[in-house]
Amino acid sequence: MKQGISVIFRLIGLLMILSVSSAGFCAQLILSEEERAWLHDHGQELRLGVAIVPPYMLVNGPAGELRGLSWDYIKELEQRLGIRFNPVLASSYGEMIRQVRAGETDLVYGATSTPERRQFLTFTTPYGRLETHIFVREDHKGSASMETLAGHQVGVVQGTALHEFIRNNHPDILIRSYPDSSQSFLQLSAGEVDAVVTSVSTAFAYTQRNGLHRIRMEGPVGLNYEMSFGVRKEIPHLTSILQKALTAIPEAEKDLIAQRWFMPRDPGKVDKAMVLRYLAYAGVVIGVLALVWLTWSVRSMRREVSQRRDAEGRLAFLAYHDEITGVLNRSGFMHQLTAPNEGGRWQLIFVLGLDQFRAKNEIWGQRIGNEILRRVAERLQASLGTQGVVARIGGDEFGVMLKQLNTLPELMIKQLLKEIASPLLLGDGSVQLVTATVGASLIEDHADLDARPEQPLERAELALKYAKRHQRGSAAFYDASMSGNESRDQHWKEALTLAIRRHQLFLEYQPQLCLRRSKVIGFEALVRWQHPDQGRISPAEFIPWAERFGLISALGDWVLQTACRQAAEWRKQKLPFDYVAVNVSVRQFVEAGFADRVLMILEQTGLPPRNLELEITETLFMGDLETVRVTLDKLSGHGIRFSIDDFGTGFSSLMYLRQLPVETIKLAQEFVLDMATDASNYQIVRGATHLGHSLGMGVIAEGVETAEVQQALRELNCDMVQGYYYSRPVPASDITPQLLESLAQRAGHRQEEVV
Ligand code: C2E
Ligand code: CA
C-alpha cells in the first residue's frame, strides 16, 4: 500500500511537469465538408473484411473476441471517426482479398500495396511492417535464396502479396498455395515442398504451434509486408478519411500498440517510459483527475498482470497440447513416448491421417474443419480409453500409442477406422463423412527406442505414406522395405530417365465412341513402358514415379508430342475422328510454362487445337485454383477441349465445374464396370450423367466391357463410351478405317441383338 502511494506521488510530480508540453502530441483530425457528409451517409454501413492472421495481426482472444495489432488500429479508427465497421469474416486471408475484389466488402486491413491489388484497391500509408524470409527444413542442402529456389516447390499463402510477388518476379519457382501458413509449414515438414516464404513472426508462431523444430530461416524474399488499409477503388473518399484518421493517431499511441503486440513486457514491472507516454497523452488532465486516473491505472495494471499469468498458464498448456482439440501436440506426444514409464512400455504407435481433410477445410471453412478435428480426437479417445495416448501431430494427422494390446493390432485399427468413418453430426446440423488412413509401427526393440526415440513415429509416418499411396482408407504396418525406398527410388529414377531417352516408351490408343451417332469420335492415348528386363510396366505404376522424380514434364511432353504427331498423320490420311485425348497429370499441369509448351507442340506437329483433348483430374482443383484457371482459360481460348478423368472418385464440387471451361466429364470405370448388376454403382452413374447434362457438359463412360452396360448407358442417355467391349488400347498401326467401321457397328447394336 505504502509503495503504491509513493508511486502515485512520484507520478503526480511527473504529470505536472509534462502537462505543460503535452498538447502538441496529438495531431488533429480535420475532415473536409464533403468527407464529413460522406461519412455521415455511409459511416455505419462499411463492410470490413476480416481474416484471422496469427500471431498478432488479428487473432481470436480467449473468449473468441477479435484482438491484435490490426484490430487496435481498427478500433482507433472507429473511435476517431465515430463509426463502427461491420466485420465480414473470411475463412482465409486469400478469401478476404477475393471478397474485397468482388465488391463483397469495402475495405481490408493488413494489406501490402501491390501492383495487382492497386487495380482494385487504394491504400493508406502502412501502419506496420513485417519482415519476410525463406524457411527450409534443417536438412536442406546449402543456403537458400530466391534464385536457388528456381525449379523448386515453394509454399506460400494464397492471395498474399508474397504470392503475387513470386508469381511475377520469380516465374521459375513452382508455387504451392495454401490457405494459411500452418498448412505450408506442415507440408514443408512433410517434405512436400522445399521451402516456405512468409513473415518471420508468422513462421515462429506456426512452427511453435505445430511443434515443428527442424525448420531453418534463410535469406530474405525481396518484399516485406507493409500493413495498410486497402479500400475498394470505387470509394476514394474512404481512403483519404482513413488516412487522416491514421495520421491523427499520436505517435505515443502507435508505440503503445506496437509494444503491446511486438514487445510484450515483463508484467511484474511498471515501465517508466510507458507511464510517461500515458501521462503525456493525458497531459492536460489536472491533479485530481490524475488521482482518479492513476487509481484506475494501477487497478488495470493488476488486472493485466493477472491476465498475463492466465495467459502464461495457457501457454504452458499449449507447449504440450493442441489448441484446437485439447489433446497432446507433437511435442507432448514425443515427451510421453520418452518419459519414464509406469505400467509397461509402449507396444504400438500409429499415425492416422484424415483423407481429403484439406479439401473439406477449403470447402466448408476452418470452423467446420476444426470441429471435425475435435470430433475425431474425441472418437479416438473414446475408443482407446485409458489404454492409449492420442495426439494431434500435424494438420490432419493424429498420433496414437498403446501399451497394451488386447487384440490383434490389425483388427483393432480396422475397428477404429470403421468408427472414424461413421457419419459425424456437427453443431451446425450438417453431416460429414470423414475417412482416415493409418500407418503403424510395432515397437519391438526398446533399446532402439531409447537410442532414437523419434524412430517409431518416423516409421509409422513412412507406413502412412505407403498406405496413402496404395489405398486410402486402409492401414499399413511398417516393414524394413519401406525404408529401402530411397535406393529403390534412385534405381527407378535412372531407369525411367533412360526409358524416356532410349525410346522404351510408346503409345497405344483406345477408341472413344459416340453412342447416339454410333461412331468413333476420338482416341485416348495411353503410354506404355517396355522394360528390357521387367517386361511391361503399367502406367498406373510408373506415372506416379515420374511425378515424384520430377520427370513428368519430360515424359508428358513426349506423350503430347507423339500423340499430336500421330493425330496429325491420321488427319492427313482422312481418318474420320474428332480428337485425340491425352492424359495430363496434376504435377505436369501446374509446372511453369505448361500452356506454352502445349501450344508449341501443336504448332510443331500441325495438329489444330480443336483436335486435342486434355484429360485432367479433379485433384487439380484442390491446389491453386487461380493459377489452374489461368492455364485452362488460355488453352481453351485456343480451342483445346478438356475432360475430367475418373470423375466421381475425387473432390467433386459443383462450384468449380460451373466455373471452368470443361466440356466433358469422364465417369470412372470403377462405377461403370458392374453398373448393370450393382444397384449403387448404377445410381452413381445415373446421378453423375444427370449432373453433367444439367451443367451442359457431355458425359463419357469408361470401362464398358459388356453389351448390358452399353444398353444401360444408352438408356441413361450417356453420350460417349470407351472400353474393352469395343476395343482394348491398340498400337496406332491398328487404327484403320476398317476397325472404325466394325466398332461403329458394335456401338449401334442393341443388347437384344447381341445376346
Ligand atoms: P485412365 O486415364 O483412367 O485410363 C484408363 C485405363 O483403363 C487404361 O489403363 C485403360 O487401358 C483401362 N481401360 C480402358 N477400358 C477398360 C475396360 O473396359 N476395362 C478395364 N478393366 N480397363 C479399361 P492403363 O492404360 O493401364 O492406364 C492406367 C492409368 O495410367 C490411366 O488411367 C492414366 O491415369 C495413366 N496414364 C496412362 N497414360 C498416361 C499418360 O500418357 N500420361 C499420364 N499423365 N497418365 C497416363
Ligand atoms: Ca484417362
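1. Helices (H or I, at least four residues) and strands (E, at least two) are DSSP runs, numbered from the N terminus. Strand 22 gives the shell around ligand 1 its largest share, four residues. This is a predicted model, where local features need pLDDT of at least 70, side-chain atom pairs count only at pLDDT 80 or more, and totals for chains, interfaces and linings use all residues. Residues are numbered from 1 along each chain as its sequence is written, chains are lettered from A and ligands numbered from 1 in the order in which they are written, and side-chain values use heavy atoms, without hydrogens or water.

2. Now, who else surrounds ligand 1? Among its 22 surrounding residues (a heavy atom within 4 Å), R528, D645, Q669, E705 and Y724 come nearest. Helix 20 (539-548) and strand 26, like strand 22, each supply at least two residues of this shell. By type, the shell holds ten nonpolar, six polar and six charged residues.

3. Three contacts to nitrogen atoms of ligand 1 are worth finding on screen. The side chain of E705 brings an N or O atom to 2.6 Å from a nitrogen atom of the ligand. For Q510, a polar side-chain atom lies 3.0 Å from a ligand nitrogen atom, while V527 uses a backbone N or O atom at 3.1 Å. The protein buries 84% of the 790 Å² that ligand 1 exposes when taken alone.

4. Which residues hold the calcium ion (ligand 2)? Its protein donors (N, O and S atoms within 3.2 Å for Ca) come from E524, N583, E615 and D645, with D645 listed twice, at 2.2 to 3.2 Å. Along the sequence, the donor residues follow the spacing E-x58-N-x31-E-x29-D. E524 in strand 22 (residues 519-531) and D645 in strand 26 (residues 641-647) are 121 residues apart, so this pair links distant parts of the chain. Both E524 and D645 are buried (under 20% relative accessible area).

5. The arrangement around the calcium ion is irregular, because the six donor atoms subtend angles of 43 to 173°. Ideal angles for six octahedral donors are 90 or 180 degrees.

6. Finally, two loop residues deserve a look. Most residues other than glycine have a negative phi. H503, though not a glycine, has a positive phi of about 60°, and K574 has one near 65°. H503 sits in the loop between helix 19 (485-501) and strand 21 (505-514); K574 sits in the loop between helix 21 (552-572) and strand 24 (579-583). H503 is exposed (over 50%), with a relative accessible area of 62%, and K574 is exposed at 69%.

Conventions:
Donors are N, O and S atoms within 2.8 Å of the metal (3.2 Å for Na, K and Ca); water is not among the atoms, so sites may look incomplete. Four donors count as tetrahedral if all angles lie between 85 and 135 degrees; four count as square planar and six as octahedral if opposite donors are over 155 degrees apart and all others between 65 and 115; anything else is irregular. Buried means under 20% relative accessible area, exposed over 50%, partly exposed in between (1.4 Å probe, protein chains only). A polar contact is a pair of N or O atoms within 3.5 Å; within protein, one must be able to donate a hydrogen and the other to accept it, and residues adjacent in sequence count only if both atoms are side-chain atoms. Accessible areas come from the Shrake-Rupley method with a 1.4 Å probe; for residues, only the protein chains shown count as cover. Ala, Val, Leu, Ile, Met, Phe, Trp, Tyr, Cys and Pro count as nonpolar, Asp, Glu, Lys and Arg as charged, and the others, Gly among them, as polar.
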